[in-house]
Amino acid sequence: MHRRDLFKIIAASAALPTSAVFAQGGARKIYVGFAAGTATGVVARGLGQGLAGITGQNFVVENKVGASGQLAVTATKASPNDGSVMLVCPMTVLSVYPHTFPHLGYDPVADLQPVGNCAAVDLAFAVGPAVPESITTVPQFVDWCRANPSKASFATGATGSKIHFAGMELGARAGVNLTHVGYSNGGVAVTDLIGGNVPSYIGTVPTVVPFQKQLRILATMGSERSRFLPGVPTLVEAGFKDLVIRESIGMYLPAKASESQVRNLNAAMGQALAGKEASATFSAQGMEVRPTQANELAAQLKTELAQWGPIVKRIGFKQDS
């Protein structure tokens, strides 16, 4: 977290009496569309613990797993607007899915009220033993793909997500046809990469950091180098101008939540994220604490919705249901 952002958060939260953050009542629910051990689940539980300490109230994380994370969004959409239910959700579910699923059960802009971003996680591009050891940069990998078009492919554990489309966009920018090989999760994909069954892989930084001795991580995809991989250049540094793709995880309320509910929850969230415990928990998962204001998250959502539409259309990808 940048120092100036931390000061803003502390100042904003300090100005708000803890008793004013939430009305008294029963347990608050934080809906998550993914399993407990995932990055989104870790963020939700960290927030729940932090908010409980700040407000003196009980926050229960409910993992509504299924439909690629959609169930938690639709459940939030149908929840009361009294601040008792909130959603922690990755941006992919809200900015990419509207372009890939033919029948989505929610409108990410009309059905949700952004509260603020919580965390960000960088993506990484890695190659395994199927690629000659002499290849140590992305441009060299691109040249290898041109010379070996039948081997030009990349694996991911997230078909239909930013991670998948990051690889397709990289291929389009490089002028090579990179074939996507989808796996059920990033762990399985990395195992096949290490085994030489696929040449390259795109996934979150946390999925590759433990295997740096078995893999060559050629680039990360953020606007600046990942602090978890400071010696690895970004795609921008590798010559791919403006190719910046990262995942973020934010908090939302149902659409008709009041401005005061959003403001109070954002302040409490910021205070929770400013603590050393949240920073340590997120860092252990390869994530950065990156809180924002509600209007910043709303603007990001609209920007990414517009960004991913043309990319998905050009690729021609559609989910089955």
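This short presentation covers a predicted model of one protein chain, with its confidence, a helix pair, its cysteines, and several individual residues.

Good morning, colleagues. I begin with confidence. The mean pLDDT of the chain is 91, and 92% of the residues reach 70 or more. One stretch should be named separately: across residues 6-21 the pLDDT is below 50. In the model, that stretch nevertheless has 20 contacts beyond near neighbours in sequence.

I turn next to a pair of helices. Helix H2 spans residues 39-55, and helix H10 spans residues 259-273. Their axes come within 9 Å of each other and cross at roughly 105 degrees. How are H2 and H10 oriented to each other? The range from 65 to 115 degrees counts as roughly perpendicular, and H2 and H10 are therefore roughly perpendicular to each other. On the H2 side, the contact is made by Leu47, Gly50, Leu51 and Ile54. Facing them from H10 are Leu265, Ala268, Met269, Gln271, Ala272 and Leu273. By class, the residues of this contact comprise 8 nonpolar and 2 polar, with no charged residue.

Leu265 of H10 also leads to the next residue, since it appears among the contacts of Leu253. Leu253 lies in strand E9, which covers residues 246-254. Is Leu253 buried or exposed? With a relative accessibility of 2%, Leu253 counts as buried, because the limit for that class is under 20%. Leaving out residues up to four places away in sequence, Leu253 touches Thr76, Val85, Met86, Leu112, Gln113, Val115, Gln261, Val262 and Leu265. Leu253 and Val88 are 165 residues apart along the chain, yet their C-alpha atoms are separated by 9.1 Å.

Immediately before E9 in the chain comes the loop that joins it to strand E8, residues 216-220. Two residues of this loop deserve attention. Phe240 is found there and is buried, with a relative accessible area of 11%. Beyond its neighbours within four places in sequence, Phe240 is in contact with Val138, Val142, Leu170, Arg173, Ala174 and Leu235. From Phe240 to Thr303 the C-alpha distance is 20 Å, with their positions 63 residues apart in sequence.

The other is Asp242, in the loop between E8 and E9. Asp242 is exposed, at a relative accessible area of 57%. Its phi is positive, about 65 degrees, although Asp242 is not a glycine. Most residues other than glycine have a negative phi. Ser68 also has a positive phi, near 60 degrees. Ser68 sits in the loop between strand E2, residues 59-63, and helix H3, residues 70-77. Its relative accessible area is 36%, so Ser68 is partly exposed.

I close with the cysteines. How many disulfides does the structure hold? The count is 0. Why does Cys118 form no such bond? The closest cysteine sulfur to that of Cys118 belongs to Cys89 and is 11 Å away, which is too far for a bond. The cut-off for a disulfide is a sulfur separation within 2.5 Å. Cys118 has 0% relative accessibility and counts as buried. Cys145 is likewise buried, with a relative accessible area of 2%.

Thank you; I would be glad to take questions.

Methods: Residues are numbered from 1 along each chain as its sequence is written. This is a predicted model: local features need pLDDT of at least 70, side-chain atom pairs count only at pLDDT 80 or more; totals for chains, interfaces and linings use all residues. Side-chain values use heavy atoms; hydrogens and water are left out. Axes are lines fitted to C-alpha atoms, for helices over the stretch in contact, and angles run from 0 to 180 degrees between N-to-C directions. Helices (H or I, at least four residues) and strands (E, at least two) are DSSP runs, numbered from the N terminus. Angles under 35 degrees count as roughly parallel, over 145 as roughly antiparallel, 65 to 115 as roughly perpendicular and the rest as oblique. Contact means heavy atoms within 4.5 Å. Ala, Val, Leu, Ile, Met, Phe, Trp, Tyr, Cys and Pro count as nonpolar, Asp, Glu, Lys and Arg as charged, and the others, Gly among them, as polar. pLDDT is the predictor's confidence in each residue, from 0 to 100. Buried means under 20% relative accessible area, exposed over 50%, partly exposed in between (1.4 Å probe, protein chains only).
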